[in-house]
Amino acid sequence: MRTAVLELLKRNSGQYISGEEISQLLKVSRTAVWKHIRSLKQAGYEIEAHPRLGYALRQNTDRLLPEEIKTHLTSKVLGREIHYFSEVDSTNNAAKKLAAGGCPEGTIVVAEAQNTGRGRLSRGWFSPYGKGIWLSVVFRPPFSPMDAAKCTLMAAVAVNRAVNAVAGAGCGIKWPNDILCNGRKVVGILTEMSAEMDAINYIVIGMGINVNIDPHEFPGEIAATATSLAAVAGCQIPRLKLFTEILAELESAYNTVKNFGFAPVLAEWKNQSITLGQQVDVHGIDRSFTGLATDIDDDGALLVTTASGVARVLAGDVSIRPAAGKLR
Ligand code: BTN
């Protein structure tokens, strides 16, 4: 009913519509109309109330509310079930609970803020209110668990397409799934899986996109390595447009993988890569070394040529060594 009230206000494009008219059109009481208007205001919509004329929508909210997402959504499966939080510990935690409880593929969890956002390698993820996209998507892919790592590369390709299209930011992918602009991180992706030996129960792909964060806000050591799309583009980026573009690109990449396998996505990953052809420092689970990143193989492992041969890197941290300047 709240969505229906919002639709009427939007259709009236800034003109007043009386509470009486809304209550008649939607066949609800005036009190119910008033309650929905109050809840829309609390959600961030700017609605003017006039004692005689009624209500007029002055400004849409910038929040990533389900009503707004649904209006702009072009994906068919991703986003068909939306769980929205003003604040949550971690959208990945919430999505994993929903997935374990049997939610359908394509369920998404979105939050304005995370108070315990999680990154790769047990790190945290800075997730301030309303300044980024903190999103997790539940997949139930028909692949073998061995292919899960490639789903992360698929997500990186899709998100990179979307950020470049919406923010024109000139970003590239650092192996395996960081998206960097001007050598600084704007996107991180955390993939988590529940599987049996031969089948995946679910994969949750969590994406953190630094959209409109002022670089001065980044805390501690992140400040030296992170940036935001707004800082790179020099203007505020519409979160909703980027959000729905990410879902559309992710669905398109997922359909490609289901229909044609991972080869097209891996080829695109290579084209968008800023890692290949660079000297890299690899910090693996049991060893650290330096070499030239030459390729990724069919499993998505990074191939690094060192003095003692070609190393296959499947996990760990990789930083690029530019000819001069900071590591990235
Ligand atoms: C990384 O370390 O680069 C991965 C960061 C992933 C952050 C996102 S934000 C949405 C989702 N929820 C989390 O707790 N983490 C991921």
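A residue is called buried when its relative accessible area is under 20%. With that cut-off in hand, a walk through this predicted model can begin at an aromatic residue. Phe-143 has a relative accessibility of 12%, so Phe-143 counts as buried. Its partner is Tyr-254, which is buried as well, with a relative accessible area of 3%.

These two residues belong to a wider aromatic arrangement. Across the whole structure, a search finds four aromatic pairs. In one of them, the ring centres of Phe-143 and Tyr-254 are 6.3 Å apart and the planes meet at 75°, so this pair is edge-to-face. Phe-143 sits in the loop between β5 (132-139) and α6, while Tyr-254 is part of helix α8 (residues 239-260); the pair therefore ties together parts that lie 111 residues apart in sequence. A single aromatic cluster is formed by Phe-139, Phe-143, Tyr-254 and Phe-262.

Next comes the nonpolar interior. The largest nonpolar core contains 65 residues, and the members with the most contacts inside it are Met-207, Ile-209, Leu-229 and Leu-242. Helix α6, which spans residues 148-167, gives the most to this core, contributing 13 residues. Apart from this core lies another, made of 16 residues, among them Leu-9, Ile-37, Leu-40 and Ala-43. Leu-229 offers a good view of the surroundings within the larger set: leaving out residues up to four places away in sequence, Leu-229 touches Val-163, Ala-167, Ala-169, Cys-171, Val-186, Ile-209, Asn-210, Val-211, Ile-237 and Leu-242. Two of the residues named here, Ile-209 and Leu-242, are also among those with the most contacts inside the core.

The ligand is the next stop. Around the ligand are 19 residues, of which Ser-90, Gln-114, Arg-118, Arg-120 and Lys-185 come nearest. Several polar approaches can be described atom by atom. A ligand nitrogen lies 3.1 Å from an N or O atom in the side chain of Thr-91. A polar backbone atom of Arg-120 is 2.6 Å from an oxygen atom of the ligand. In the case of Lys-185, an N or O atom of the side chain is 2.6 Å from a ligand oxygen. Taken alone, the ligand exposes 420 Å², and the protein buries 98% of that area.

Lys-185 also leads on to Asp-178, since a polar contact of 3.0 Å links the side chains of Asp-178 and Lys-185. Asp-178 is found in strand β7, residues 178-181. The relative accessible area of Asp-178 is 6%, so this residue is buried. Not counting residues up to four places away in sequence, Asp-178 touches Gly-172, Ile-173, Lys-185, Val-187 and Gly-188.

A last group of contacts centres on Arg-312, in strand β13 (residues 309-313). With a relative accessibility of 40%, Arg-312 counts as partly exposed. Two polar contacts join the side chain of Arg-312 to acidic partners: one of 2.6 Å to the side chain of Asp-297, and one of 3.0 Å to the side chain of Asp-299. Beyond its neighbours within four places in sequence, Arg-312 is in contact with Arg-287, Asp-297, Asp-299, Ala-301, Leu-302 and Leu-303. For a sense of the span of the model, Arg-312 and Gln-15 are 62 Å apart in space, C-alpha to C-alpha, and 297 residues apart in sequence.

Notes: Residues numbered from 1 in each chain as written. Predicted model: local features only at pLDDT ≥ 70, side-chain atom pairs only at ≥ 80, totals over all residues. Heavy atoms only, no water. Helix = DSSP H or I, 4+ residues; strand = E, 2+ residues; numbered from the N terminus. Buried < 20%, exposed > 50% of the residue type's maximum accessible area, 1.4 Å probe, protein only. Polar contact = N/O pair within 3.5 Å; in protein donor to acceptor, adjacent residues only side chain to side chain. Contact = heavy atoms within 4.5 Å. Core = buried A, V, L, I, M, F, W, Y, C linked by side-chain atoms within 4.5 Å. Near = heavy atom within 4 Å. Areas by Shrake-Rupley, 256 points an atom, 1.4 Å probe, with all protein chains shown as cover. Phe/Tyr/Trp six-rings, centres within 6.5 Å; stacked < 30°, edge-to-face > 60°.
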